[in-house]
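The questions below ask what justifies each label given to this model. Each answer sets a value against its cut-off and concludes.

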Amino acid sequence: MKKIFVWIGMTAVWLSFVTACTSGNTEKTVVLLKDGKSPFQIVLPDRYDNPGTEIHLMSAAKCLQKEFRAASGVTLPIRKESVMTKNQPGIFTGNTERTRRCGFDPASLQGFSYRIAVKDGDIFLAGNDYHGLHGKKKEGYSRYVLGSVKAIVVFMEDYLHTRFLMPGDAGISTPEIKSLELPGNLECSGTPRLNFASGRGQSMMYDYANNNYGSGAYKSYGGHSYYDAIPEKEYFKTHPEYFALLGGVRVGSGNHLCISNPGVQELVYREMRKELDAGAETVEVGQTDGYIPCECADCRKYGNTDDPGEKLWIFHRSLAERLLKERPGKKALLISYGPTANPPKTFDAFPENTMIEICHYSPEMFRKWRKYKGIQGFTVYVYNWGEYPQPGFTAKLSPEACTDQVRMFAENNIRGVYRCGFGELFGMEGPVYYLYGKLLENPEASPEVVLDDYYKSAFGKAAAPMRVFYNTLHQRLNACYAMNAASKNEFSDAMKGKRVLPENPRILLVFIYSPDMIDTLEKNLTRAEKMTSGPKVEQRLALVRKEFDYAKNLATILHLYNAYRLSPDKASFEKLASAIEARNAMIDSFYAENGRMKEIPGWPEIRFFGRSPKHIVNTNGTLGATLGAPFTWNTKFLREKNILPGSGAKNLSIARAEGMIETFDFLSGAWAKAEWHELNGIQLGVTAEKTRFKILYDNDNLYIGVESDLPDSRHIVPVGKDGPAWRTDSMEIVLDPFGNREKYYHFIYNPAADSTYDAAFGFVTDVLDPRYNKADPLWNGKWTYKTARKNNKWVSLFVVPFKTLGVETPSSGTRWTLNVGRESFVEKQPELSLWSPNLETMSFHDRDSFGEAVFE
């Protein structure tokens, strides 16, 4: 009997009906297997609501057939009910006529509920099977509600002792069995805790066994419905007024909407209604990712509040209110994310068709939500895995972290989980994935028991060394979790609000994969590899080896880099460069000639590293995981130029010119005597788009002339004065005219007119001022720029008066510090290039990396 939290209002009640099994001795047992024989056949329905339903149920039946054969040597035939062998017992799966004649109607079950029963010598494994949105075309299993698949999975786990450890056949383990009997009056029914369990699907049987079965009757957009409601490509040309006014211009890129516009409101509602009318029971409503509020007069007035998040809450609640009137019984799932991360302030009740999708969760956040009336339940959007958390393509969560999270969800009316990123590391993270899935079914399960079951089932004779391998890894990961939890007040009030873990992923990875840690993992994995336990175990160990070797090489480079920083000599560089080149060769081996990630041989269901593109793997991930130096170094270039990175900042001379400079002709006049200075990758990597500059001065101004690659096809939208100029192709200039690396000015401009940003740093000395030790965007200097584009080139001229910088005309020999950077939007993430490289962080603002400039 399995237990679950069921919620009435906001009160938790333990009920034990979720999985309830009964049996007695009033009838004979049913013999499924004896003496190497079985009389049973697997029987499927003749009719289905959708062709995909038939395909997926057949797939589950074949898995049952295959694992029964692997365990017993007996092959159970699969037959449709109309052609089954009469007078032969059957395992009836799905909504068969025989199932209904026995008094059980699978179509009456809700969601992913299931029933397992034995009656009159037959076995019934059934649930309600249908396309979640009642569609008619064939789709992947995650679009369906397949209660019968859940019944088959539970039957296999409970009676064949099958374990779905990883996706695909190689991830399934079923022990040998000699005989199998079931109580003659067995009755077992279950309702999974979640009615929405979505994210990156792996394989059907794995996902149904580990509570990642799909979106069910929910219409999910992965968090953001605005893109589908009003796509830029369809509407911007004809209705620019639907899109956000930014810097005085309607901007379509990014799909940010003008939410006060009645047409926008209607289209967002129509998108909801369309999906519900098509069959969905619940539809997600979520603003654009990276939401930027419209600046038009009507949006500023909307909702009588200045808070952009509150405006969204008011708008989204109005959609739910209308939906309640026009589509009673249907639900709206409103996202709490970004500007809506906190609950609304101007009201405390939602219409009684509202669910909330929480993306920033903590005990404190759940307490905040408890005062709000009308809410019919919550889902969560989890960021546990993926390519963007700090560890990147290395292990991330400890079992304790997973256990605490799932139990917190169980205590707070969580009806659904969306996994944003999942399954990149089935070798190093497989046990934690498995534990997470099992805890979602039973939050009170013992993590130690679940993990021990995994190690024995996955590695057989090699279970002991692999248990040591994973326990060692998990203890180190848990130390990170404990420190992070302390900063969130989950362990210590003294640490509340204080970041404990470093933002730089290099520091975190060096802590996790210390030399002693690597040594312990290597020894135990090697020991396990020598303890052969069959081809499936060998495949699993090979996957662990592939992922561990990546992490080991990564950590080795980081340790060698730290040694190089302490002693930046040729010998240290050569050791480091060799490790970097070995890593590059390893990553190259992951990809085919067409640039796509190779499949794991014989195991296509494994999406190694999420099949991420090479440029993402090169930097160990995206966002918080991105690693720069030394992984971005062009070691061949550094050797050819005999450069020891970081051994000294760059320097240049600024020639003096006579008279005002206004021309882009960088080869004549005063420009002719100025040298070109090349920008490289911010951490000495290779860049796709090259940039170079010259620099001059006269009595009044400093001049910087820039030439850069920029395809003519790339469209640039002006952002106005002090707009987000860094969000598109731009030049960034940082000037410290005092030469002491304490204060500086920051300028950004784009290849478009009226598109700039400027700020000053270090000029606010009051420690109580919120601008202290931060950039002050309120500073506005008098400076100009000119820009032109032609033949896939962008040339520009930046001019700043010395008066704007608060200094006199520099005399010969005066020293400044400065840097010149370029953001090129070659991919979705900008390519960063910099004149004087920053080997520590991916930032243009590290004052220690500023180069030196001497006025002639």
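Q: How do you know that the reach of helix α13 (residues 447-459) is close to the expected one?
A: The model is a predicted one, and in it the 13 residues of α13 reach 18 Å from first C-alpha to last. The expected value at 1.5 Å a residue is 18 Å. The span is therefore close to what is expected, since the expectation is 1.5 Å times one less than the number of residues.

Q: Which residues of α13 are buried, and what follows the helix?
A: The buried ones are P447, V450, L451, Y454, Y455, S457, A458 and F459. An α-helix has 3.6 residues a turn, so residues three or four places apart point the same way. After α13 comes G460, with a positive phi near 55 degrees.

Q: How does the span of helix α9 (residues 308-326) compare with the expected one?
A: Helix α9 has 19 residues and its end C-alpha atoms are 28 Å apart. The expected figure at 1.5 Å a residue is 27 Å, and the span is close to that.

Q: What makes D307 a cap of α9?
A: One of the side-chain oxygens of D307 lies 2.8 Å from the backbone nitrogen of G309, at the N-terminal end of the helix. The cut-off for a polar contact is 3.5 Å between N or O atoms, so a distance of 2.8 Å qualifies. G309 is also one of the buried residues of α9, along with others including W313, F315 and L323.

Q: Why is N304 called exposed?
A: N304 has a relative accessibility of 79%. Exposed means over 50%, so N304 counts as exposed. N304 sits in the loop between α8 (297-301) and α9. Its phi is near 55 degrees, a positive value in a residue other than glycine.

Q: Is N620 buried or exposed, and what decides it?
A: The relative accessible area of N620 is 0%. Buried means under 20%, so N620 is buried. N620 belongs to the loop between α19 (614-618) and α20 (635-640). The phi of N620 is near 65 degrees, again positive in a residue other than glycine.

Q: Why is A479 called partly exposed?
A: A479, in helix α14 (residues 463-487), has a relative accessible area of 29%. That value falls between the 20% and 50% cut-offs, so A479 is partly exposed. Its C-alpha atom is separated by 52 Å from that of K119, 360 residues apart along the chain.

Q: What makes T691 buried, and which side chain does it join in a polar contact?
A: T691 is found in strand β27 (residues 691-697). Its relative accessible area is 2%, under the 20% limit, so it is buried. The side chains of T691 and S708 are joined by a polar contact of 2.9 Å. Beyond four places in sequence, T691 is in contact with residues including H677, V706, M731, R822 and S833.

Q: Why does L696 count as buried?
A: L696 is also placed in strand β27. Its relative accessibility is 0%, under the 20% limit, so it counts as buried. Among its contacts beyond four places in sequence are I654, I661, W671, L702 and Y703. The C-alpha atoms of L696 and V799 are 9.9 Å apart, with the two positions 103 residues apart in sequence.

Q: Which members of the largest nonpolar core touch the most others?
A: Out of 189 residues in that core, these are M205, I230, W369, Y513 and W633. Helix α17 (residues 535-566) gives the most to this core, 13 residues. Apart from it lies another core of 32 residues, including V706, W816, V820 and F855. In soluble globular proteins, nonpolar side chains tend to be buried together.

Q: How many helices and strands are in the chain, and what makes the chain as compact as a globular protein of its length?
A: The chain has 20 helices and 38 strands. Its radius of gyration is 31 Å, and the globule rule gives 29 Å for 856 residues. The two values are close, so the chain is as compact as a globular protein of that length. Buried residues make up 55% of the 856.

Methods: Residues are numbered from 1 along each chain as its sequence is written. This is a predicted model: local features need pLDDT of at least 70, side-chain atom pairs count only at pLDDT 80 or more; totals for chains, interfaces and linings use all residues. Side-chain values use heavy atoms; hydrogens and water are left out. Helices (H or I, at least four residues) and strands (E, at least two) are DSSP runs, numbered from the N terminus. Buried means under 20% relative accessible area, exposed over 50%, partly exposed in between (1.4 Å probe, protein chains only). A polar contact is a pair of N or O atoms within 3.5 Å; within protein, one must be able to donate a hydrogen and the other to accept it, and residues adjacent in sequence count only if both atoms are side-chain atoms. A nonpolar core is a set of buried Ala, Val, Leu, Ile, Met, Phe, Trp, Tyr and Cys residues joined through side-chain atoms within 4.5 Å. The radius of gyration is taken over C-alpha atoms; the globule rule is 2.2 Å times the number of residues to the power 0.38. Contact means heavy atoms within 4.5 Å.
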